[in-house]
Amino acid sequence: MRRRAREALLPVLFGAVCGYFLWHSVHGPRGLLAREQRAQEIAAARAELARAEAERDAMERRVAGLRGEVLDRDQLDERARALLNLVAREELVMPYAPGQRLY
């Protein structure tokens with residue numbers, strides 16, 4: 001009985017070590033499940049980056065119309081009216097909520 005236990009000790013120990021590494025390769029901090037989670041986080045971050053870049057490009061286009069040698073008169077008029085809170089007699093004012101920007 002002792003002899004069989006001694007003969008089985010090495011394969012059981014080897015199997016336990018293999019099982020340990022196998023479990024951590026799937027569930028560990030650098031395992032397959034963590035890799036999938038990081039891939040999803042990277043995809044979400046890339047989507048956020050694309051949204052931020054699009055917003056920055058839109059702002060740069062608006063600022064470019066107010067800077068330089070050639071001014072965009074419509075945009076200049078729009079900004080002046082917004083800052084001074086003025087409208088002409090024939091214009092209509094359409095109020096909207098602060099969170100619902102028109103541009």
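These legends walk through several views of one predicted protein model.

Residues are numbered from 1 along each chain as its sequence is written. Because this is a predicted model, local features need pLDDT of at least 70 and side-chain atom pairs count only at pLDDT 80 or more, while totals for chains, interfaces and linings use all residues; side-chain values use heavy atoms, leaving out hydrogens and water.

**View 1. The whole protein: three helices and zero strands.**
Going along the sequence, you meet the pattern α-α-α. Helices (H or I, at least four residues) and strands (E, at least two) are DSSP runs, numbered from the N terminus. The radius of gyration is 32 Å, well over the 13 Å that the globule rule gives for 103 residues, so the protein is more spread out than a compact globule. That radius is taken over C-alpha atoms, and the globule rule is 2.2 Å times the number of residues to the power 0.38. Along the principal axes, the C-alpha atoms fill a box of roughly 105 × 35 × 15 Å.

**View 2. What is covered and what is not.**
Just 5% of the 103 residues are buried (buried means under 20% relative accessible area, exposed over 50%, partly exposed in between, with a 1.4 Å probe and protein chains only). The protein exposes about 10100 Å², and carbon and sulfur atoms supply 61% of that. Accessible areas come from the Shrake-Rupley method with a 1.4 Å probe; for residues, only the protein chains shown count as cover.

**View 3. How confident is the predictor?**
The average pLDDT is 85, and 96% of the residues score at least 70. This score is the predictor's confidence in each residue, from 0 to 100. Helix α2 (residues 32-64) comes out highest, at a mean of 93, and helix α3 (residues 73-84) lowest, at 78.

**View 4. A nonpolar patch and an aromatic pair.**
L10, L13, V17, Y20 and F21 make up a nonpolar surface patch with about 560 Å² of accessible area together. Patches are made of residues with over 30% relative accessible area and no salt bridge; like charges are joined within 9 Å, nonpolar side chains (Val, Leu, Ile, Met, Phe, Trp, Tyr) within 5 Å. One of the patch members, L13, sits in helix α1 (residues 2-27). Searching the whole structure turns up one aromatic pair. The ring centres of Y20 and F21 are 5.4 Å apart with the planes at 75°, so this pair is edge-to-face. Rings of Phe, Tyr and Trp (its six-membered ring) pair if their centres lie within 6.5 Å; planes under 30 degrees apart count as stacked, over 60 as edge-to-face and the rest as tilted. F21 is exposed, at 54% relative accessible area.

**View 5. A salt bridge in helix α1.**
The whole structure holds five salt bridges, each a side-chain nitrogen of Lys or Arg within 4 Å of a carboxyl oxygen of Asp or Glu. Here E7 pairs with R3, their closest N and O atoms being 3.5 Å apart. Both lie in helix α1, four residues apart, about one turn of the helix. R3 is exposed, at 66% relative accessibility.

**View 6. Salt bridges along helix α2.**
E48 and R51 meet at 2.6 Å, N to O, and are three residues apart, about one turn of the helix. Both are partly exposed: E48 at 42% and R51 at 44%. E48, R51 and E55 are linked in a salt-bridge network. Elsewhere in the helix, E60 bridges to R56 (3.7 Å, N to O), four residues away, about one helical turn. E60 is partly exposed at 48%, and R56 is partly exposed at 42%.
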